[in-house]
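Please open the structure in your viewer and keep the sequence beside it, so that each selection can be followed in both places. The tour moves from one selection to the next and says what is found at each.

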Amino acid sequence: MAYAGPGSCSPSTFLTKGRWRDELNGEFNKTILYKDMEARLNDEYAKRTVYPPKHLVFNAFNLTPLEKVKVVIIGQDPYPTFGKVKKSFLAAKNPCPTFPMAMGLSFSVPKMFEIPPSLSNIFRNLEKEIPNYIIPSHGNLEEWADRGVLLLNATLTVAPNDANSHSKYGWKIFTDRVIQIINDKCDKVVFLLLGEDAHKMETKIDPKHRAVRAPHPVYYTFKDCQCFAEVNRVLCDLGIDEMDWSLTDELSF
C-alpha cells in the first residue's frame with residue numbers, strides 16, 4: 001500500500017507554505033463539499049492505495065510559493081500507475097521503489113522512473129523550440145517548480161490504474177479556487193493550458209494574465225505546437241524574464 005501518512009487530507013496538515021496554506025485551508029473550512037471530500041479521501045487512504053501518497057497531495061503548492069508563481073501548467077490528474085523503473089537504477093543495486101510515479105506535480109516523476117510518454121513529448125518539443133535545449137535523462141520537474149512553474153493537476157488524487165477516478169470528488173472546484181487566488185494575489189502570470197479540459201479553464205483566468213493553449217502532450221497534434229516558445233514570448237511581452245526550462249542532468253541517483 002502506498003504511504004498514507006498521519007493526519008487529515010486537509011491543507012492544514014500537509015501544506016507548509018504560509019500564503020497558500022492560509023488561502024486554501026480557509027477554503028477547505030468553508031463548505032460542506034470540502035468536508036465531504038476530505039472525509040472520503042481520509043477513508044480511502046486508510047483502507048486502500050491512493051496516488052500520490054497523502055504527504056505529496058499538495059506538493060505543487062509547497063514547492064512553488066504563491067509569491068513566486070509566474071507560469072501555471074495544468075494537467076488532468078496524477079499518474080495512476082507505478083511506472084517502469086530505470087535499469088540503471090536497479091543495476092546500481094538500489095531496491096525497487098515501492099511508491100508510485102505520482103509526486104504531486106503535473107507531468108513530473110521521480111528520477112528513478114523511466115520518462116512517461118506525455119513528458120517525453122514535452123521534452124522533444126522543448127528541444128525543438130528552445131535553443132540549445134538538452135533533453136534530460138530523468139523526468140523530475142522540481143527545478144521548474146522552484147523557478148516559479150506551478151505544476152497543477154485539475155484533480156489532485158487518483159485510484160490505482162483508474163485515470164480520472166477522483167474527478168468528481170470536488171477537486172475541480174478546489175482548482176477553480178486556486179485560479180481565483182492567483183487572479184487576486186498575483187500580478188502577471190502565464191497559464192499553459194494543455195488539452196481540452198485545461199482549455200475550459202481559460203474563461204476563469206483574469207485578463208491581466210495570459211493563456212497559451214496547446215493540445216495535450218499525449219496526442220500527436222502536440223508535436224511542433226511551439227507552446228513553450230510562446231510562453232517565453234508572452235513572458236517577455238509582460239516584462240518578465242523568460243522561463244529557464246532546463247533540468248540538471250544528474251548521472252547518479
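**A strand and its neighbours**

Begin by selecting V72 in strand β1 and F191 in strand β3, for these two residues are bridge partners. The model on the screen is a predicted one, and this pair is a convenient place to enter it. Widen the selection to residues 190-194, and you will have the whole of β3, which runs parallel to β1 and is joined to it by 4 bridges.

Next, select residues 149-153, which form strand β2, and follow how this strand pairs with β1, again in the parallel sense, over 5 bridges. Among the residues to pick out here are G75 and N153, the latter being the bridge partner that G75 has in β2.

Now return to β1 itself, residues 71-75, where 5 of the 5 residues are buried. Turn the view from one face of the strand to the other: V71, I73 and G75 lie on one side, V72 and I74 lie on the other, and both faces are covered.

**Two packed helices**

Leave the strands and select residues 32-47, helix α3, together with residues 171-185, helix α8, whose axes are 10 Å apart and meet at an angle of about 125°. The two helices are therefore oblique to each other, and α3 passes α8 in a left-handed crossing.

Finally, show the side chains where they touch: L33, Y34, M37 and L41 come from α3, while W171, I173 and F174 come from α8. The residues of this contact divide into 7 nonpolar, no polar and no charged.

How values were computed: Residues numbered from 1 in each chain as written. Predicted model: local features only at pLDDT ≥ 70, side-chain atom pairs only at ≥ 80, totals over all residues. Heavy atoms only, no water. Axes fitted to C-alpha atoms, helices over the stretch in contact; angles between N-to-C directions. Parallel < 35°, antiparallel > 145°, perpendicular 65-115°, else oblique. Left-handed = near helix turned anticlockwise from the far one by under 90°. Contact = heavy atoms within 4.5 Å. Nonpolar A, V, L, I, M, F, W, Y, C, P; charged D, E, K, R; others polar. Buried < 20%, exposed > 50% of the residue type's maximum accessible area, 1.4 Å probe, protein only. Pairing = 2+ DSSP bridges.
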